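Visitor: I'm new to this one. Could you show me the structure and let me ask how the labels are earned?

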Amino acid sequence: MAEFKEISPDAPLAQKTLNWIDNRFPLSKLFNEHMAEYYAPKNFNWWYIFGSLALVVLVIQIVTGIFLVMHYKPDAALAFASVEYIMRDVPWGWLIRYMHSTGASAFFIVVYLHMYRGLIYGSYRKPRELVWVFGCGIFLALMAEAFMGYLLPWGQMSYWGAQVIVNLFSAIPVVGPDLALLIRGDFVVGDATLNRFFSFHVIAVPLVLLGLVVAHIIALHEVGSNNPDGVEIKAHKDANGIPLDGIPFHPYYSVHDIFGLGLFLMAFTAIVFFAPEFGGYFLEFNNFIPADPLKTPPHIAPVWYFTPFYSMLRAITSEMMYVLVGCVALAALGALFIGRLNAIIKVGVLGVAAVLAVAMLTIDAKFWGVVVMGAAVIILFFLPWLDFSPAKSIRYRPSWNKWLYAVFVINFLILGYLGVLPPSPVGERVSQVGTLFYFGFFLLMPWWSTKGEFKPVPDRVTFKPH
């Protein structure tokens, strides 16, 4: 049994209370390890506020979700009316609902920015591979949570969006139809589907999400934070083991994050009070119409944060399959000229390429569209092992890398915009080019990340006081 820490009987009540808790639960120890004595690089910039903002938005979503569940009815005959009841009759119900719907979009905005910061500063590189993998797991769980939550209002776009996405699983050979039936719980999206999605949205996925967030933070605090220079601050410590280029997270960065949070909340509340639909991007106008299985909307599209991947799905047509087969053939031929691979591996690569090419030409393009859409997310998990650059941070990479990353972002935004629009011949061509660029960016990274003239990486972080 651990010894109790004694305290002066004349100590203030607050100190006595804290001591009583510390003797039974390591509250002060946890605070010191993860805040006051957790040393972060002293050269953080504004790119580093989005992780904290994501945590705040997660809390907003959980709290508002609890209040919404109190009045929501997961029944196909009552779901839409219960949402209207929340909006019109529950005191402050409209505010809770709009905070939750705006929070969903805000979550993806801060997560996309958080991931982009990791991309440009190499935060996925050794020794932070697991931090990145947990982060990608959070992103995947967040997508599942958002997709299932989107069905719950039971509006026209919710219903038909779920119908289209679930039907995509039926394109998987052999198991597809049974898998789609399992997900729906019925032959069409109906009451069984709504109950399943409600259960996963409220209980199952949030538990997974919270577990991944905890694992992400623990892994981060174990190896330490990256910084804009990509320099390991633990390499230089003083006699007490404190990093020379580090400062305590609290109060320095806690105050920094609180200021950033204030700016974020001003923008967040402005949208909640003045533009909760955000021109139909955060809440589609069709979703204010009750779901009607007999009336299909003229254009079905997912919410904006899914549209880049939806564009990639739509880009895979029968003629696009010939382009993909050509890409597989080029990749296989390229493997033959890699000197580090032995003959057996090269023969294996050619065999796999041949099987894949035949499968691409014989299996329906709809299936490969689903594969591409899923692969666009899954490929992010492998980023730590695709980047061979000698410099972590974009600051010390060749200057053309900045243009490449800028084009990557613009391409992603264009794919997202095209996913909102109805299909068109021009949009289809642009999305096909954008899809090839997206995958080329990652699959060719082992090659292009080593090219060019790199700047010398400093031994210590570069920091200029404000």
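Visitor: What makes Phe-169 count as partly exposed?

Guide: Keep in mind that this is a predicted model. Phe-169 has a relative accessibility of 28%. Buried would need under 20% and exposed over 50%, so Phe-169 falls in between and is called partly exposed.

Visitor: Where is Phe-169 found, and which residues does Phe-169 touch?

Guide: Phe-169 is in the loop between α7 (156-168) and α8 (176-184). Leaving out residues up to four places away in sequence, Phe-169 touches Gly-176, Leu-179, Ala-180 and Ile-183.

Visitor: And why is Ile-62 called partly exposed?

Guide: Ile-62 has a relative accessible area of 36%. That value is neither under 20% nor over 50%, so the label is partly exposed. Ile-62 lies in helix α3, residues 50-69.

Visitor: How far is Ile-62 from Phe-169 in space, and how far from Pro-206?

Guide: Going C-alpha to C-alpha, Phe-169 and Ile-62 are 29 Å apart, with their positions 107 residues apart in sequence. For Ile-62 and Pro-206, the C-alpha atoms are separated by 8.4 Å, although the two are 144 residues apart along the chain.

Visitor: Now the helices. Why are α5 and α6 called roughly antiparallel?

Guide: Helix α5 (residues 93-121) and helix α6 (residues 129-151) pack at about 160°. Angles over 145 degrees count as roughly antiparallel, so α5 and α6 get that name. Their axes are 12 Å apart, and the crossing is left-handed.

Visitor: Which residues of α5 and α6 make the contact?

Guide: From α5 there are Phe-107, Phe-108, Val-111, Tyr-112, Met-115 and Gly-118, and from α6 Trp-132, Phe-139, Leu-142, Met-143 and Ala-146. Sorted by type, they give 10 nonpolar, one polar and no charged.

Visitor: What about α2 and α10: at what angle do they pack?

Guide: Helix α2 (residues 27-36) and helix α10 (residues 249-274) pack at about 65°, with axes 9 Å apart. Phe-31, Met-35 and Ala-36 of α2 meet Phe-249, His-250 and Ser-254 of α10. Those residues split into four nonpolar, two polar and no charged.

Visitor: How many disulfides are there?

Guide: Zero. To be counted, a pair of cysteine sulfur atoms has to be within 2.5 Å.

Visitor: Are the cysteines Cys-136 and Cys-327 buried or partly exposed?

Guide: Cys-136 has a relative accessible area of 2%, which is under 20%, so Cys-136 is buried. Cys-327 has 35%, between the two cut-offs, and therefore counts as partly exposed.

Conventions
Residues numbered from 1 in each chain as written. Predicted model: local features only at pLDDT ≥ 70, side-chain atom pairs only at ≥ 80, totals over all residues. Heavy atoms only, no water. Axes fitted to C-alpha atoms, helices over the stretch in contact; angles between N-to-C directions. Helix = DSSP H or I, 4+ residues; strand = E, 2+ residues; numbered from the N terminus. Parallel < 35°, antiparallel > 145°, perpendicular 65-115°, else oblique. Left-handed = near helix turned anticlockwise from the far one by under 90°. Contact = heavy atoms within 4.5 Å. Nonpolar A, V, L, I, M, F, W, Y, C, P; charged D, E, K, R; others polar. Buried < 20%, exposed > 50% of the residue type's maximum accessible area, 1.4 Å probe, protein only.
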